[in-house]
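Here's a quick briefing on charged and aromatic side-chain contacts in a single chain. Have the viewer open while you read.

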Amino acid sequence: MIAVIKTIISVFMAVTCFFTSAFFGKYAGKIKPVDEENVRLSFATMSDSHLTDSAIRAGMLELGFYDLQNAEKQLDALVFVGDNTDHGYLEQYELFKKTIAKYTPARELLMAVGNHDTWTEDENGEDDVVLTKEYFLKYVKDITGREISELYYTTEINGYTFIVLGSESTHTDAYISPQQIAWLESEMAKAAGKGKPVFVISHWPINGSHGLPGTWGEIDPDPDEGGFGDQSNDIENILKKYDDVFLISGHIHSGFTAPGQEGVYGYLSVESDGSFHSINLPSYMYVSTRGRAANGTGYVIEVYDDEVLVRARSYSAGVWYTLYDYEIPLSTAEGNPGRLNGDHIC
């Protein structure tokens, strides 16, 4: 059934893309690297799937998983950047597990916890951080095969380090404990010694990035709302010590924006100071109210010896949004200045 729906969507998008590509830079086509011979790492990112017990929401996820599974070259990883469930309930995790078990969207899977995932309730209906941890660790093992002992962990894919952060409270903003911050500093130092880009996965972005707090959507938002909260400066200082660090976040549900559109929307999806690069993902499940209005979207990230390509895609429709692509030269590559290139790649 998913294949039939996907075919109908693909035909429709192929026709509409022919007429709208000049305006939106989009075209239908399977996932494949720009340069298959030289790509070192290729992974998909997805945030804010907010899965409930709804079959409709599960079906929306299936459209994305089908698209990823049918990539011309299998992706090395699929990274879930938090708010995987809408409330951290057992039945929501079970549906997430059951839905993804039908597909092989990538060779490896990674999961980060989001604030909605921490709202697991105890028998009295109170948010329970202990139960949150129990459920998250269980389903990370069940879904990804990884055995972890905390809400944060490190792994390596194709020789590249992925550092996954996680809030240790049930607040909307994050709480990153002193122990986790010390761990992050140690993990970053080890990863940086490899001379390769480092990918830090967090549901929460840095405070003040990507148009925050205004893009958080509150009427009168606190300056720290929508980001890491009180620990944001500590985390930012650690990440900015090193070259070629990529922070991949979600949480604020902002849609894609293209290079140069900061003046139009008040934020960019990808921000860079030439060495530290912050990538904020749109909500997969909800249609964004800012930037590119769409859902079922995320970035496919391709790593080469001299650059990282950040490619916008609708997984649910099987469409590339090339207007919103970014090329990021690596500072470690010979002859590269280490600054963000505003030209999209296609």
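Which residue lies over the face of Tyr 160, and at what distance from the ring centre? That's Lys 196, sitting 4.9 Å from the centre of the ring. Keep in mind that you're looking at a predicted model. The rest of the rundown goes from the overall fold to the individual pairs.

**The chain as a whole**
- The fold is built from seven helices and 14 strands.
- The chain has 346 residues, and 57% of them count as buried.
- Take the contacts between residues at least 6 apart in sequence: 70% of these join residues at least 24 apart.
- About 13,800 Å² of the chain is exposed, with carbon and sulfur atoms supplying 49% of that area.

**Salt bridges**
- As a bit of background, side chains of opposite charge can pair when their charged atoms come close.
- Searching the whole structure turns up 15 salt bridges.
- One of them pairs Arg 107 with Asp 76, and their closest N and O atoms are 3.3 Å apart. Arg 107 is in the loop between α3 (90-100) and β4 (108-112), while Asp 76 is in the loop between α2 (55-69) and β3 (77-81), so this bridge ties together parts 31 residues apart in sequence.
- The two ends of that bridge sit in different accessibility classes: Arg 107 is partly exposed at 41% relative accessible area, whereas Asp 76 counts as buried at 13%.
- Lys 241 bridges to Glu 185, with the closest N and O atoms 2.6 Å apart. Lys 241 belongs to the loop between α6 (232-239) and β8 (245-249) and Glu 185 to helix α5 (residues 178-192), so the pair ties together parts that are 56 residues apart in sequence. Glu 185 is partly exposed, with a relative accessible area of 33%.
- There's also a network to look at: salt bridges with shared partners join Asp 76, Arg 107, Glu 108 and Arg 146.
- Lys 141 and Glu 147 form another salt bridge, and here the closest N and O atoms are 3.8 Å apart. Lys 141 is partly exposed at 43% relative accessibility, and Glu 147 is exposed at 65%.

**Aromatic pairs**
- The count of aromatic pairs comes to 13.
- Phe 65 and Tyr 103 make a tilted pair, 6.3 Å from centre to centre with 50° between the planes. Phe 65 is in helix α2 and Tyr 103 in the loop between α3 and β4, which makes this a link between distant parts of the chain, 38 residues apart.
- Phe 65 is buried at 0% relative accessible area, and Tyr 103 is buried as well, at 13%.
- Tyr 152 and Trp 183 are tilted too, with 4.8 Å between centres and 55° between planes. This pair connects the loop between α4 (129-144) and β5 (153-157), where Tyr 152 lies, to helix α5, home of Trp 183, across 31 residues. Both Tyr 152 and Trp 183 are buried.
- For a group of rings, look at Phe 43, Phe 162, Phe 199 and Phe 246, which form one aromatic cluster.

**Charges over rings**
- Back to the opening question: Lys 196 lies over the face of Tyr 160.
- Arg 292 has its charged end over the ring of Tyr 321, 4.8 Å from the ring's centre.

Conventions. Residues are numbered from 1 along each chain as its sequence is written. This is a predicted model: local features need pLDDT of at least 70, side-chain atom pairs count only at pLDDT 80 or more; totals for chains, interfaces and linings use all residues. Side-chain values use heavy atoms; hydrogens and water are left out. A salt bridge is a side-chain nitrogen of Lys or Arg within 4 Å of a carboxyl oxygen of Asp or Glu. Helices (H or I, at least four residues) and strands (E, at least two) are DSSP runs, numbered from the N terminus. Buried means under 20% relative accessible area, exposed over 50%, partly exposed in between (1.4 Å probe, protein chains only). Rings of Phe, Tyr and Trp (its six-membered ring) pair if their centres lie within 6.5 Å; planes under 30 degrees apart count as stacked, over 60 as edge-to-face and the rest as tilted. A charge sits over a ring if NZ of Lys or CZ of Arg is within 6 Å of the ring centre and within 35 degrees of the ring normal. Contact means heavy atoms within 4.5 Å. Accessible areas come from the Shrake-Rupley method with a 1.4 Å probe; for residues, only the protein chains shown count as cover.
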